[in-house]
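Trainee: I have a structure open and would like to learn how to read it. Where do we begin?
Mentor: Load it, and we will go feature by feature.

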Amino acid sequence: MLEACADVVVMQEKYHPSVYSHRNRYMAEHSDRVIAVYDGREKGGTVRTIRFAHQMKKELREIPVGEIILPGQPGARRK
């Protein structure tokens with residue numbers, strides 16, 4: 001897949017908790033528009049990326065999804 005890429009950007013060689021935030025900011029800064037699949041949580045990378053997009057006055061499209069419950073989680077049931 002990397003061979004098909006026009007550019008490869010390495011944000012950081014070693015893991016650090018802030019690397020995801022830096023990646024998300026970079027993606028928002030270098031995008032014409034941001035499309036976010038968002039479950040409404042008030043914390044997390046998606047909402048921070050949405051805020052970056054607002055701050056940068058980027059075109060933004062939010063695709064809402066319901067609460068995501070994985071099999072085996074407490075409260076998991078089919079509707």
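Trainee: Is Lys-57 buried or exposed?
Mentor: This is a predicted model, so keep that in mind throughout. The cut-off for exposed is over 50% relative accessible area. Lys-57 has 73%, so Lys-57 is exposed. Lys-57 sits in the loop between H2 and E2.

Trainee: What about the backbone of Lys-57, and which sign does its phi have?
Mentor: Positive, at about 55°, although Lys-57 is not a glycine. In sequence terms, Lys-57 follows helix H2.

Trainee: Now zoom out. What secondary structure does the chain have?
Mentor: Two helices and two strands. Along the sequence, the pattern reads α-β-α-β. The radius of gyration is 16 Å, and the globule rule gives 12 Å for 79 residues, so the chain is more spread out than a compact globule.

Trainee: What does the C-alpha trace span along its principal axes?
Mentor: About 40 × 30 × 25 Å. For one pair inside that span, take Pro-64 and Val-9: their C-alpha atoms are separated by 29 Å, and their positions lie 55 residues apart along the chain. Pro-64 is in strand E2. With a relative accessible area of 69%, Pro-64 is exposed.

Trainee: How much of the chain counts as buried?
Mentor: 14% of the 79 residues. The chain exposes about 7,100 Å², and carbon and sulfur atoms supply 53% of that area.

Trainee: How do I read the contacts by sequence separation?
Mentor: Take contacts between residues at least 6 apart in sequence. Of these, 54% join residues at least 24 apart.

Trainee: Let us look at the helices. How do I read which way helix residues point?
Mentor: An α-helix has 3.6 residues a turn, so residues three or four places apart point the same way. Now take helix H2, residues 45–55. Its buried residues are Val-47, Thr-49, Ile-50, Phe-52 and Ala-53.

Trainee: What covers the buried residues of H2?
Mentor: The cover includes helix H1 (19–29), E1 and E2. Turn to H1 next: Val-19, Asn-24 and Ala-28 are buried there. The cover over those H1 residues includes E1 and H2.

Trainee: Thr-49 is on the H2 list. Why does Thr-49 count as buried?
Mentor: The cut-off for buried is under 20% relative accessible area. Thr-49 has 13%, so Thr-49 counts as buried.

Trainee: What does the side chain of Thr-49 reach?
Mentor: The backbone oxygen of Gly-45, at 2.8 Å. Leaving out residues up to four places away in sequence, Thr-49 touches Asn-24 and Val-34. Asn-24 is one of the buried residues of H1.

Trainee: Next, charges. What is the general idea of a salt bridge?
Mentor: Side chains of opposite charge can pair when their charged atoms come close.

Trainee: How many salt bridges does the structure hold?
Mentor: Two. One joins Glu-59 and Arg-33, with the closest N and O atoms 3.5 Å apart. This pair links distant parts of the chain: Glu-59 is in strand E2 (residues 59–64), Arg-33 is in strand E1 (residues 33–38), and they are 26 residues apart.

Trainee: How accessible are Glu-59 and Arg-33?
Mentor: Glu-59 has 49% relative accessibility, so Glu-59 counts as partly exposed. Arg-33 also has 49%, and is partly exposed.

Trainee: Which side chains meet in the other salt bridge?
Mentor: Those of Asp-39 and Arg-41, at 2.7 Å from N to O. Asp-39 counts as partly exposed at 24% relative accessibility, whereas Arg-41 counts as exposed at 54%.

Trainee: One last feature. Which residues form the nonpolar patch on the surface?
Mentor: Ile-35, Val-37, Ile-63 and Val-65. Together they have about 330 Å² of accessible area. Check one member: Val-37 lies in strand E1. Its relative accessible area is 52%, so Val-37 is exposed.

Technical notes. Residues numbered from 1 in each chain as written. Predicted model: local features only at pLDDT ≥ 70, side-chain atom pairs only at ≥ 80, totals over all residues. Heavy atoms only, no water. Salt bridge = Lys/Arg side-chain N within 4 Å of Asp/Glu carboxyl O. Helix = DSSP H or I, 4+ residues; strand = E, 2+ residues; numbered from the N terminus. Buried < 20%, exposed > 50% of the residue type's maximum accessible area, 1.4 Å probe, protein only. Contact = heavy atoms within 4.5 Å. Polar contact = N/O pair within 3.5 Å; in protein donor to acceptor, adjacent residues only side chain to side chain. Patch = residues over 30% accessible without salt bridge, like charges linked within 9 Å, V, L, I, M, F, W, Y side chains within 5 Å. Areas by Shrake-Rupley, 256 points an atom, 1.4 Å probe, with all protein chains shown as cover. Rg over C-alpha atoms; globule rule 2.2 N^0.38 Å.
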